Amino acid sequence: MDSITVIPGDGIGPEVVECALEVLDALDAGLSIDVLDHVHADRYRREGQALSEADLSRISASSAVLLGAVGRPDVEETGYVRDVLLRLRISFDLYANYRPVRLMHDRLSPLRDPARRMLDCAIVRENTEGLYSGIGGNLRASSPQEVAIDADVNTWHGVSRILDFAFSTARREVCLVDKANAVRAGGRLWQECWRHAAERHPGTATRHLYIDAAAMKLVTEPDRFDVIVASNSYGDILSDLAAALAGGIGVAPSASLNPQTGFGLFEPVHGSAPDIAGKGVANPFACLLTTALLIRHLGHEAEAAAIDAAVAGSIAAGRVTPDLGGSLSTRQVTQAVLASL
Ligand code: ATP
Ligand code: MG
């Protein structure tokens, strides 16, 4: 039996995870579930660490983690979120960030022209290097002569493995997005690895766009995209853009994967949303679609499809929370989803 670890976390995390657990229970998908409900900001405050070695070994014993959200304004500056997410990312070498983006109903699209609305693609973002590697520093800090430098780290190994993962998930095409015309050294490395990766996957069409053109084309021709692969920073930006075209963070799922081991950390794109936490109005769809992604990853395709269909059905029927223009609470939406399962 597959087992999953659940970290409800902070803010609206536990509210949306509760909905996901009820749905999993109703589906009877044959998963064993280990809930780590002691991993949160209070513990970090008390003990200086939210995720202990014992927690990490419980997580290691499972096939995947479902995470609600971590973060609270009063502990934010202490590096709490970075501590939790980075330790999971590094411990399990979760180098591939996978964000499928599908418009589930026309009413969620911000675009006026119906012909431009079709969107069913995935952003594959490199998750371990690039501009977010933390290497750099400030020369003559806090002076008018200050120079700030952040290194953009790209390795043959890191780039090749994310490209291979992108090809492995493609249905028809992989589009590489970079800025090789302006960012020379890294651009050349990506281009070279890209040529080799394309040769390793001759059955898949390829396309290349610079980041500026890609941002424009995602809006003007969203239906042309299948898999988009990009570095850490470009992938970050494009996945928010794509999520906005599909209805926003209330419906945006995400997975950080290690394709070699199969281990994954699954979390909604949204954060802990302190402004609405405790009010009972958090949209549970992003967490439900994330749960579908997780169980699909573990091979439970029928149950995953059932969750997707139940969410799409609720959206079509207007049974949605205020962020999507409805008036239902998290509980009422959960009831609607459970009823349609
Ligand atoms: P983080 O730093 O963790 O990414 P953030 O402050 O950038 O957090 P979110 O916590 O995602 O962003 O919240 C951004 C806005 O979106 C907030 O106004 C929040 O209330 C809203 N929001 C986020 N998630 C949801 C949700 N599931 N349902 C409804 N509104 C949400
Ligand atoms: Mg954010």
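Mentor: Before we begin, two strands are said to pair if DSSP finds at least two bridges between them. This is a predicted model, in which local features need pLDDT of at least 70 and side-chain atom pairs count only at pLDDT 80 or more, while totals for chains, interfaces and linings use all residues. Residues are numbered from 1 along each chain as its sequence is written, and chains are lettered from A and ligands numbered from 1 in the order in which they are written.

Trainee: How many helices and strands are there in the protein?

Mentor: Helices (H or I, at least four residues) and strands (E, at least two) are DSSP runs, numbered from the N terminus. Counted in this way, the protein has eleven helices and twelve strands.

Trainee: In what order do the ten strands of the open sheet stand?

Mentor: The pairing within this open sheet of ten strands is mixed. Read across the sheet, the order is β2-β1-β3-β12-β11-β4-β5-β10-β8-β9.

Trainee: Why is one side of each of β2 and β9 left without a neighbour in the sheet?

Mentor: Strands β2 (32-35) and β9 (205-210) each have a single partner strand, so one side of each lacks a neighbour in the sheet. In other words, both strands stand at the edges.

Trainee: Which residue is the bridge partner of V174 in β10?

Mentor: Strand β8, residues 173-178, runs parallel to strand β10, residues 227-230, and four bridges join the two. Within β10, V174 has as its bridge partner V227.

Trainee: Is E15 buried or exposed?

Mentor: A residue counts as buried if 20 or more other C-beta atoms, placed from the backbone, lie within 10 Å of its own, as exposed if 12 or fewer do, and as partly exposed in between. E15, which is found in helix α1 (residues 13-27), has 27 other C-beta atoms within 10 Å, and is therefore buried.

Trainee: With which residues is E15 in contact, leaving aside its neighbours within four places in sequence?

Mentor: Two residues are in contact if their C-beta atoms, placed from the backbone, lie within 7 Å. Once the neighbours within four places in sequence are set aside, the contacts of E15 are A282 and T330.

Trainee: Which residues are closest to ligand 1?

Mentor: A residue is near a molecule if its C-beta atom, placed from the backbone, lies within 6 Å of it. Ligand 1 is surrounded by 15 residues, and this shell divides into seven nonpolar, six polar and two charged residues. The closest are H270, G271, A273, N283 and D323.

Note on methods. Ala, Val, Leu, Ile, Met, Phe, Trp, Tyr, Cys and Pro count as nonpolar, Asp, Glu, Lys and Arg as charged, and the others, Gly among them, as polar.
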